[in-house]
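User: Got a minute to go through this one with me? I'd like to start with the strands and then jump around a bit.

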Amino acid sequence: MIRNLKDLADHLGLSPATVSRALNGYPEVNAKTRHRVLDAAKRLNYRPNLSAQRLATGRADAIGLLFGIADNMLDNPIVTDLLTGIAETAAERGMAIHLFPTKRGEERAACERIVSSGAVDALVLLSPILDRPETADLAEIDFPVVCHGRPLLGQAVASMSVDNLGAFFKGTAHLTALGHRRIALLNGEEIYSYAVDRREGYVRALAEAGLAPGPDLMAQGPQTFAQGFAAARAMLASGARPTAFLCSSVLMATGAARAIAAAGLRVPDDISLMAHDDVIAALPSEIAAPGLTVLRSSVRLAGRRLADMAIERRQGTPAADLVEVWDVPLIEGRSTGPAPVDAGGDIG
């Protein structure tokens, strides 16, 4: 019976050190020996002692994800798909993932505890933590760290984000090119970098079209159905209603679509509708409107890349070499069209 590494080494007629190095991928073990060891381990159902392996290699073979429970992150389907992407890559690379929920005000202590425990080789930090001044410097701790999202406060950290500013500039410009002048922005919470950038892209595109943003056509809040419905309903009830909605998520667009229908209006004949689409498995864009025009960027693929980046940081790749901003394509559907002929007037 193979009970430990020594038993496996005796079975193969090799030293325990050679078997350990082969199992852990050390380059000094030749390919033939490594294949022989791995084949025997699989055939004999050998499972290494993880504590001993950690001592021998100095690695935990695990990625940690730190997030604040005050932000209700696990309620968010976007985070669920992000976790799925991280988990997929971790599994493919033979690594575990550990979740570390923290209370607000306890993030620093949590980081120190995680790092000192040796339980993970790298940390993925979600932007809600790093966008707060009191915890912003967690991005620069002496440990492999990767940030999901552009650090709002300019920290020098490995990060993976999408071009939120460019995407919402592109989306707004698409609507102005269709003749829309009263374009409403239903944004996420503007304390976070992604929402700050989306608002800036929207404002810049309006300015390029000779339009001024009107406060009555901008709303921010949680990216939920309820927020999208309430904000859109209020705008549609105003004296000069919008002719287009640009939404920060498919869920918000679903709420806006319900408000449009409740007002007796049609998409896109009366109101055009567009949304940022994170390609969430449980939230297909069609739930908002058939053929929804979207700014598309897969958060699941982002999760996969974050896990790869965390592993690269563990292997010594400098943070400055791991800063990525992905383009966001506009996928035109059937939910946007020319502004109604009787919809005159500028924003403001």
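User: Which residues of β6 are buried on one side, and which on the other?
Analyst: Keep in mind that this is a predicted model. On one side of β6 the buried residues are Ile183, Leu185 and Asn187, and on the other they are Ala184 and Leu186, so both faces are covered. Put as a count, five of the five residues in β6 (183-187) are buried.

User: And what does β6 pair with over four bridges?
Analyst: That's β8 (residues 244-247), and the pairing is parallel. One register point to look at: isoleucine 183 has alanine 244 of β8 as its bridge partner.

User: How many bridges join β6 to β7?
Analyst: Three, and those two strands also run parallel, with β7 covering residues 218-220. There, leucine 186 is bridged to alanine 219.

User: OK, switching to the six-stranded sheet. What's the strand order?
Analyst: It goes β2-β1-β3-β4-β5-β11, as an open sheet with parallel pairing. The edges are β2 (96-102) and β11 (323-326); each has a single partner strand, so one side of each has no neighbour in the sheet. From one strand to the next, the twist averages 20°.

User: How many bridges are there between β1 and β2?
Analyst: Seven, in the parallel sense, with β1 spanning residues 62-68. If you want a pair to find by eye, phenylalanine 67 sits opposite proline 101 of β2.

User: Which strands does α5 touch?
Analyst: Helix α5 (residues 77-92) packs on the sheet against β1, β2, β3 (122-126) and β4 (145-148), and its direction is at about 145° to that of β2. Helix α6 (residues 107-117) packs on the sheet as well, touching β1, β2 and β3, with its direction at about 170° to that of β1.

User: Now helix pairs. At what angle do α10 and α11 pack?
Analyst: About 40°, with the axes 7 Å apart; α10 is residues 225-236 and α11 is 250-262. That angle makes α10 oblique to α11. The crossing is right-handed.

User: Which residues make that contact?
Analyst: From α10, they include Phe225, Phe229, Arg233 and Leu236, and from α11, they include Leu251, Met252, Arg258 and Ile260. By class, the contact of α10 with α11 has nine nonpolar, four polar and two charged residues.

User: And α1 with α2, what's the angle there?
Analyst: About 105°, with axes 9 Å apart, for α1 at residues 5-12 and α2 at 16-23. The two helices are therefore roughly perpendicular to each other. Leu5, Leu8, Ala9 and Leu12 of α1 meet Pro16, Val19, Ser20 and Leu23 of α2. That contact has seven nonpolar residues, one polar and no charged ones.

User: Last topic, backbone oddities. Which peptide bond is cis?
Analyst: The one from valine 267 to proline 268, with omega near 0°. Proline 268 is in the loop between α11 and β9 (272-277).

User: Why would I flag that, or a positive phi, at all?
Analyst: Because most peptide bonds are trans, and most residues other than glycine have a negative phi. Aspartate 61 has a positive phi of about 55°, and so does valine 279, also at about 55°.

User: Is aspartate 61 buried or exposed?
Analyst: Buried, at 19% relative accessible area. Aspartate 61 lies in the loop between α4 (50-57) and β1. Valine 279 is partly exposed at 36%, in the loop between β9 and β10 (293-296).

How values were computed. Residues numbered from 1 in each chain as written. Predicted model: local features only at pLDDT ≥ 70, side-chain atom pairs only at ≥ 80, totals over all residues. Heavy atoms only, no water. Axes fitted to C-alpha atoms, helices over the stretch in contact; angles between N-to-C directions. Parallel < 35°, antiparallel > 145°, perpendicular 65-115°, else oblique. Left-handed = near helix turned anticlockwise from the far one by under 90°. Contact = heavy atoms within 4.5 Å. Nonpolar A, V, L, I, M, F, W, Y, C, P; charged D, E, K, R; others polar. Buried < 20%, exposed > 50% of the residue type's maximum accessible area, 1.4 Å probe, protein only. Pairing = 2+ DSSP bridges.
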